[in-house]
Amino acid sequence: MVERWWWGKRWSNEYRPGHKPYFSIPVLNFHAGELTGIYQRRYIESAQRFEDAPRLTAQQLEALDLFDALLDDPELHLEMQLEPGDMQFIHNHQLLHDRTAFEDWPEPERRRHLLRLWLCPPDGRELPPIFAERYGSVEEGRRGGVYVPASELKAPLEG
C-alpha cells in the first residue's frame, strides 16, 4: 500500500467549489510501469493549518526529514545556470527540482524574468488517477495547473 500524504492548497482562490482546502496523494507512485513523484514539503506542512486535516505523525516527520536530507545531498544534484533567452524543460513528475535563491538587479532592464508554463502534450506521460485530486484531471493533453477562477494571465517585463 502506498501512503497518502495530506497537501494544503496555498491560496483560497485555489479551492474548487465543493472541495476541501487540502487533498491527499502519495509522494511516490508506481503507475503504468513508471515511478512518478510529486513533492514539496511546504505544501504537506501547510495542510496542518486546517483543523480537520490529519496530523503528521513523528514517523512521518522523520520520513520527510530523511527524504529532504537525500534531496539536499550535492552528490545527487545537477546544477545549471540559465542565461537570458535560455529555456529549460523539466517533467515535474520524473525529476524533483528546485531553484536556488537569487538577488535581483535594481535596474528594470537587468531584472530576472522567469516565465513558468505547464505543458502536457497529448502523448504525455500517464499520471496515476489519484493525481486528479491535485490537477482536476489526469487526461493527457488536458491536465491543468492550479485552478484559479477569473485569473488574468500576463507576464509583465517591467517593475
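## Strands and their hairpin

Two strands count as paired when DSSP finds at least two bridges between them. In this predicted model, strand S3 (residues 28-31) and strand S4 (residues 34-37) meet that rule with four bridges, running in the antiparallel sense. One of the pairings is between Asn29 and Thr36, its bridge partner in S4. Two residues separate S3 from S4, giving a hairpin, and Ala32 in its turn has a positive phi of about 55°.

## The overall layout

Stepping back from the hairpin, the protein has three helices and four strands. Following the sequence, you will meet them in the pattern β-β-β-β-α-α-α. Of the contacts between residues at least 6 apart in sequence, 55% join residues at least 24 apart.

Of the 159 residues in the protein, 27% are buried. The accessible surface comes to about 12200 Å², and carbon and sulfur atoms account for 54% of that area.

## Inside: the nonpolar core

In soluble globular proteins, nonpolar side chains tend to be buried together. Here, the largest nonpolar core has 17 residues, and Trp5, Trp7, Val27, Ile44 and Phe131 are those with the most contacts inside it. Strand S1 (4-8), strand S2 (22-26), helix H1 (41-46) and helix H2 each supply at least two residues of this core.

Trp7 is a good residue to look at in the viewer. Leaving aside residues up to four places away in sequence, Trp7 touches a list of residues that includes Pro21, Tyr22, Phe23, Ser24, Ile25 and Val27. Its contacts also include Ile38, Tyr39, Gln40, Tyr43, Ile44 and Ala47.

## Salt bridges across the chain

Side chains of opposite charge can pair when their charged atoms come close. The count for this model comes to seven salt bridges. One of them joins the side chains of Glu133 and Arg4, with 2.8 Å from N to O. This pair links distant parts of the chain, as Glu133 sits in helix H3 and Arg4 in strand S1, 129 residues apart. Glu133 is partly exposed at a relative accessible area of 30%, and Arg4 is partly exposed at 38%.

Arg125 and Glu34 form another salt bridge, their closest N and O atoms lying 3.0 Å apart. This pair also links distant parts of the chain: Arg125 is in the loop between H2 and H3, Glu34 is in strand S4, and 91 residues separate them. Is Arg125 buried or exposed? Arg125 counts as buried because its relative accessibility is 14%, and buried means under 20%. Its partner Glu34 is partly exposed, with a relative accessible area of 37%.

## More charged pairs

Glu107 and Arg110 also meet through their side chains in a salt bridge, at 3.9 Å from N to O. Glu107 is partly exposed, with a relative accessible area of 28%, and Arg110 is partly exposed at 41%. Elsewhere, salt bridges link Arg41, Glu45, Asp65 and Asp68 in a network.

## A nonpolar patch outside

Which residues form a nonpolar patch on the surface? They are Met87, Phe89, Leu117 and Leu119, which together have about 550 Å² of accessible area. Leu117 lies in the loop between helix H2 (58-71) and helix H3 (132-135). Leu117 is classed as exposed because its relative accessible area is 64%, and exposed means over 50%.

How values were computed: Residues numbered from 1 in each chain as written. Predicted model: local features only at pLDDT ≥ 70, side-chain atom pairs only at ≥ 80, totals over all residues. Heavy atoms only, no water. Patch = residues over 30% accessible without salt bridge, like charges linked within 9 Å, V, L, I, M, F, W, Y side chains within 5 Å. Areas by Shrake-Rupley, 256 points an atom, 1.4 Å probe, with all protein chains shown as cover. Salt bridge = Lys/Arg side-chain N within 4 Å of Asp/Glu carboxyl O. Buried < 20%, exposed > 50% of the residue type's maximum accessible area, 1.4 Å probe, protein only. Core = buried A, V, L, I, M, F, W, Y, C linked by side-chain atoms within 4.5 Å. Contact = heavy atoms within 4.5 Å.
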